[in-house]
Amino acid sequence: MSAAAVEYPCDDEPESLLESAHRLTEQLPGHRVEIIGGVITVAPRPDGPHANALTSLMVPFLAAGLHGKESRVLQGIGLWLPGGPQDYVIPDLALVDADFDAHRADNHCYAPAVFRLVLEVTSSNYRSDLHLKVAAYAEAKIPGYVILDRRHGRVHVLTEPGGSTYDRHEVYAPGQTVTLPASIGAEVVLDVAELVAAGSRTAEAASPTD
């Protein structure tokens with residue numbers, strides 16, 4: 001995660017945070033631009049193992065029938081945050097109510113109430129996923145937040161949002177499995193070793209920032 005420097009155009013009024021975020025999105029194709037806590041953040045373009053891990057995360061949800069009439073499994077859907085007048089995030093993966101499109105908010109985002117679960121796969125901006133977004137998702141009252149922490153080789157499952165954090169935070173290592181709360185609509189079991197392997201990079205290709 002990085003805070004983006006903002007250069008204002010030469011007009012009478014400085015552009016809003018949202019306008020700056022839109023401009024950065026156009027200038028940085030493939031990057032993910034978000035506003036969290038009134039600060040613009042820019043996530044790097046995902047690498048191949050990130051995409052591989054994200055697909056591996058999706059498979060158990062699809063196999064459980066959660067991409068159907070009651071819910072949908074979606075990548076890159078915008079979530080409008082209550083923490084600031086222009087705050088929004090774009091989780092890697094989300095489980096939402098099937099009628100999500102009836103709950104549009106600003107900036108092509110959707111209301112927090114339709115999100116059952118959000119999932120992030122970390123990149124070099126892992127601190128954002130492990131800290132900033134924990135508070136953002138908790139304040140939005142998202143029932144569950146799953147993080148595949150590629151840097152440390154583990155999976156975090158956060159449930160029971162309260163204030164700016166989650167009251168329950170469980171960490172799982174390779175060799176363990178994760179059974180997600182039944183409240184998402186079906187039984188989903190994640191194999192931590194499989195997910196960590198899917199998101200790993202070879203020692204020769206690994207970057208010291210990942």
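**View A. The second largest pocket of this predicted model.** Here the space comes to about 200 Å³. Its lining is made up of His22, Thr25, His31, Arg32, Val33, Gly76, Gly78, Tyr88, Ile90, Asn107, His108 and Cys109. If you sort that lining by class, you get 4 nonpolar, 7 polar and 1 charged residues. Two elements worth picking out are helix H1 (17-27) and strand S2 (32-36), each of which supplies at least two of the lining residues.

**View B. The largest pocket, with Arg32 turning up again.** This one holds about 240 Å³ of space. There are 16 residues in the lining, and Arg32, Pro46, His50, Leu54 and Asp92 are the ones that lie nearest the centre. Arg32 is worth a second look, as it also belongs to the lining of the second largest pocket. Which helix gives the most to the lining of the largest pocket? That's H2, spanning residues 48-63, with 3 residues. By class, the lining splits into 8 nonpolar, 6 polar and 2 charged residues.

**View C. The hairpin of S2 and S3.** These two strands run antiparallel, with 5 bridges joining them. One spot to zoom in on is Arg32, which stands opposite Ala43 in S3. That's the Arg32 from the pocket views, where it lies among the residues nearest the centre of the largest pocket. Between the strands sit 2 residues, and Gly37 in this hairpin takes a positive phi near 60°. Is S3 (residues 39-43) mostly covered or mostly open? Mostly covered: 4 of its 5 residues are buried.

**View D. Helix H3 and its kink.** H3 covers residues 126-139, so to speak a run of 14 residues, and reaches 20 Å from first C-alpha to last. That's close to the 20 Å expected at 1.5 Å a residue. Where is the kink centred? On Lys133, with a bend of about 45°. Lys133 is also one of the buried residues of this helix. The others on that list are Tyr126, Ser128, Asp129, Leu130, Val134, Ala136, Tyr137 and Ala138.

**View E. Just past the end of H3.** Follow the chain out of the helix and you come to Lys141, which takes a positive phi of about 60°. Back inside H3, Tyr137 and Ala138 are among the buried residues. For a backbone angle to set beside that of Lys141, go back to Gly37 in the hairpin of S2 and S3, where phi is positive too, near 60°.

Terms used:
Residues are numbered from 1 along each chain as its sequence is written. This is a predicted model: local features need pLDDT of at least 70, side-chain atom pairs count only at pLDDT 80 or more; totals for chains, interfaces and linings use all residues. Side-chain values use heavy atoms; hydrogens and water are left out. On a 1 Å grid over the protein atoms alone, a cavity is a set of points where a 1.4 Å probe fits but cannot get out, and a pocket is an open set with protein on both sides within 12 Å along at least five of seven lines; lining residues have an atom within 4 Å of a point. Grid points are joined across faces, edges and corners, and a volume is the space filled by probe spheres set on the points. Ala, Val, Leu, Ile, Met, Phe, Trp, Tyr, Cys and Pro count as nonpolar, Asp, Glu, Lys and Arg as charged, and the others, Gly among them, as polar. Buried means under 20% relative accessible area, exposed over 50%, partly exposed in between (1.4 Å probe, protein chains only). Two strands pair if DSSP finds at least two bridges between them. The expected span of a helix is 1.5 Å times one less than its number of residues. The bend at a residue is the angle between axes fitted to the seven residues ending there and the seven starting there.
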